[in-house]
Amino acid sequence: MSIIKRLRSLFVGEEDKEERSTVGKKSVGIGVTSSKLDNAIVSGTKTTVMISGVVEKRPIKNSIEEKLPVIEEDKHSTDEEIPKAESENFDAEENQEEDSLDMIVDDQPSKDEEDVIEEESLDIEENSSSDEEDNNTVDELDSTEKVDSKIKNDKKRDNMTLLTDKELLTDANRDSEFTAEFIDAGIETVKHCFQCGTCGGGCPSGRRTPYKVRQIVRKCLLGLKEEVITDDALWMCTTCYTCQERCPRSVKIVEIIKKARNVAAHAGYMAKPHKMTGVFVINTGHAVPINDAAKSLRSKIGLSEVPATTHADEKALEEVQKLCKITAFDELIGYDEATGGLKE
Amino acid sequence: MEIAYFLGCIMPNRYPGIEKATRILFDALDIELKDMEGASCCPAPGVFGSFDEETWATIAARNLTLAEDMGADIMTECNGCFGSLFEANHMLKEDEDKRAKINDNLSEIGREFKGTTNVKHLAQILRDDVGYEKLASLIEKPLDLNVAVHYGCHFLKPTEEIGIEDQAENPAILDDLVEITGAKSVDYKDKMMCCGAGGGLRARDLDVTASYTKEKLDHMSEAGVDAIIDVCPFCHMQFDQGQTEVNERYGTDFAIPVFHLAQLYGLAMGLSAEQLTLDAQKIDAAPALAKALGENAK
């Protein structure tokens, strides 16, 4: 959910500055609650309010690049401010955009910046008119999205790059041992990937979650261990093999994902429901153990009440339990022998 | 012919009608299904495979040794079990280092993986060992049903290793098997897409899983099918129980009953909904059954 946090912090931070620096300036969208934000991060729509805020408060002599650090800095001061921002529920005013526009012009007499402002003003005008079409149907939520994406878009455009300093990776981020794990596990094909994106193109998870299989494969090859194993998206793969079937380089993509998950699990990144599956197997030999309903169904149709598996064979179950000890699987998931559950 | 019958977890412990149908079908085919006494979970590839390959391979290998002791090939009718057992068997036959490591573990319980069994899927046995003609001779009640065939993921893929079909993205085996019963396999959009349950996703994030399932159900509905046919109890559970979860989340009213291939054959052989435990499934199968058997009732 870091994206949400970041978007929110960008927004709230900006908003806050705006309030401080401009008297009587009303802002749109500040009343958005976090739960609303949760559902609203994807829209690509635009608005003008925020960008006007950025422009007007900018004490910058010339370069727009300086906008970037300014925005980044805001991130730090945000968390405490969220409640405050949320408590101030402003009504969205339709004329907001025009007001902002005026203020920009008033506040920014500097010649150096005029070009920039003009450019942005153009955008603003465009957007204003399109906003007016929507008129009252645009709620605060939409405004927020627009604001954020506008900032993002401008950032990208103005800097001619998708990267911010924070996103730059250096050799210090790389862990060659992580890459070696794949090679040692026999997945040499991780090196064959030429990043064509066929995998992601067919990925059913990628079209509904932040799971980017092509990127993960690349990160595994580059040895970006922390990036890979700390990302929850790693667990959004159903191992359906669509990517691997279509890969023009025959990269064993699912093997790579599973190996990366192994490393993540051994570093402690395991979801509780998954650990519980392990607990069930240690306790019963089955990931989905029998229950009373199934017992009665089985009897009713003439099957043995309990299947002839570990469910019916204590010694067999002990074998499974012993194997889980030998491989230290019980320790891995934090199995508590005394309670038959998890230690935490 | 004898086969070591691997039950897995979800089939015997949630949908025993699938097991019942399979036993009756193989009786009729004169193939002996021998219980693999003391077998465990395959183990679940989504969790064990993702957490620790060694544990996954060790427990899978233990199951494989049970069949080796019986001197028989293994049959499973769960894609998850098939994937796990097939992959482990394949890996341990090919990779001597891993085999040595796993056998080291197994020696602690007095077992050894020898590599003398093969892992087969129910549908594969029906096509390759039984044959379509013989199957057709068993059909007592041709079923008047339009069905959406769901292959699932770990039945055919990775193609390179499993090799049941040359083209896992355009297969025929299940459609052929379904049509022997009289049912019609209706094509639908993104037919080969995953149900959403696998890889540990169902346990980890039910919302994402439901989103997969809804997409499948949307496409199946557009094609106007009476039922869904699967060859995996996990997919089966996802389409049965998961369908109610989709309806809860999306306010939809999907009501497409779900039959495992073995249940479909059970119906065609004249077994009742009760014997197939269809009456215990979440999605009511009665309307589809009435249609399926309607003409024969005349």
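1. In this predicted model, strand 1 of chain B runs parallel to strand 3 (residues 73-76) of chain B, and three bridges join the two. One of the pairings places B:Ala4 as the bridge partner of B:Ile74 in strand 3 of chain B.

2. Strand 1 (residues 2-5) of chain B also runs parallel to strand 2 (residues 32-35) of chain B, and here the two are joined by four bridges. Within this pairing, B:Glu2 stands opposite B:Glu32 of strand 2 of chain B. A colleague following strand 1 through the model will therefore meet strand 2 (residues 32-35) and strand 3 (residues 73-76) as parallel partners, within a chain that holds 15 helices and eight strands.3. Which residues does B:Arg23 touch, leaving aside those up to four places away in sequence? The contacts are A:Leu303 in chain A, together with B:Tyr5, B:Leu7, B:Leu33 and B:Asp35. B:Arg23 itself lies in helix 2 (residues 16-28) of chain B, and among the residues it touches, B:Tyr5 falls within strand 1 (residues 2-5) while B:Leu33 and B:Asp35 fall within strand 2 (residues 32-35).

4. Is B:Arg23 buried or exposed, or does it lie in between? Its relative accessibility is 22%, and because buried means under 20% and exposed over 50%, B:Arg23 counts as partly exposed. The C-alpha atoms of B:Arg23 and B:Asp128 are 18 Å apart in space, and the two residues are 105 apart in sequence.

5. B:Asp128 lies within the span of helix 7 (residues 122-130) of chain B, whose buried residues are B:Leu122, B:Ala123, B:Gln124, B:Ile125, B:Leu126 and B:Val130. After this helix comes B:Gly131, which has a positive phi, near 95 degrees.

6. Taken as a whole, chain B has a radius of gyration of 19 Å, which agrees with the value near 19 Å that a compact globule of 298 residues would have. The C-alpha trace spans about 60 × 45 × 35 Å along its principal axes. Buried residues account for 65% of the 298 residues in chain B, and of the contacts between residues at least 6 apart in sequence, 76% join residues at least 24 apart.

7. The accessible surface of chain B comes to about 10,100 Å², and carbon and sulfur atoms hold 42% of this area. The chain carries 27 positive and 52 negative side chains, with the centres of the two sets 2 Å apart.

Technical notes
Residues numbered from 1 in each chain as written. Chains lettered and ligands numbered in written order. Predicted model: local features only at pLDDT ≥ 70, side-chain atom pairs only at ≥ 80, totals over all residues. Heavy atoms only, no water. Rg over C-alpha atoms; globule rule 2.2 N^0.38 Å. Buried < 20%, exposed > 50% of the residue type's maximum accessible area, 1.4 Å probe, protein only. Contact = heavy atoms within 4.5 Å. Areas by Shrake-Rupley, 256 points an atom, 1.4 Å probe, with all protein chains shown as cover. Lys, Arg positive; Asp, Glu negative; His and termini not counted. Charge placed at Lys NZ, Arg CZ, Asp CG, Glu CD. Pairing = 2+ DSSP bridges.
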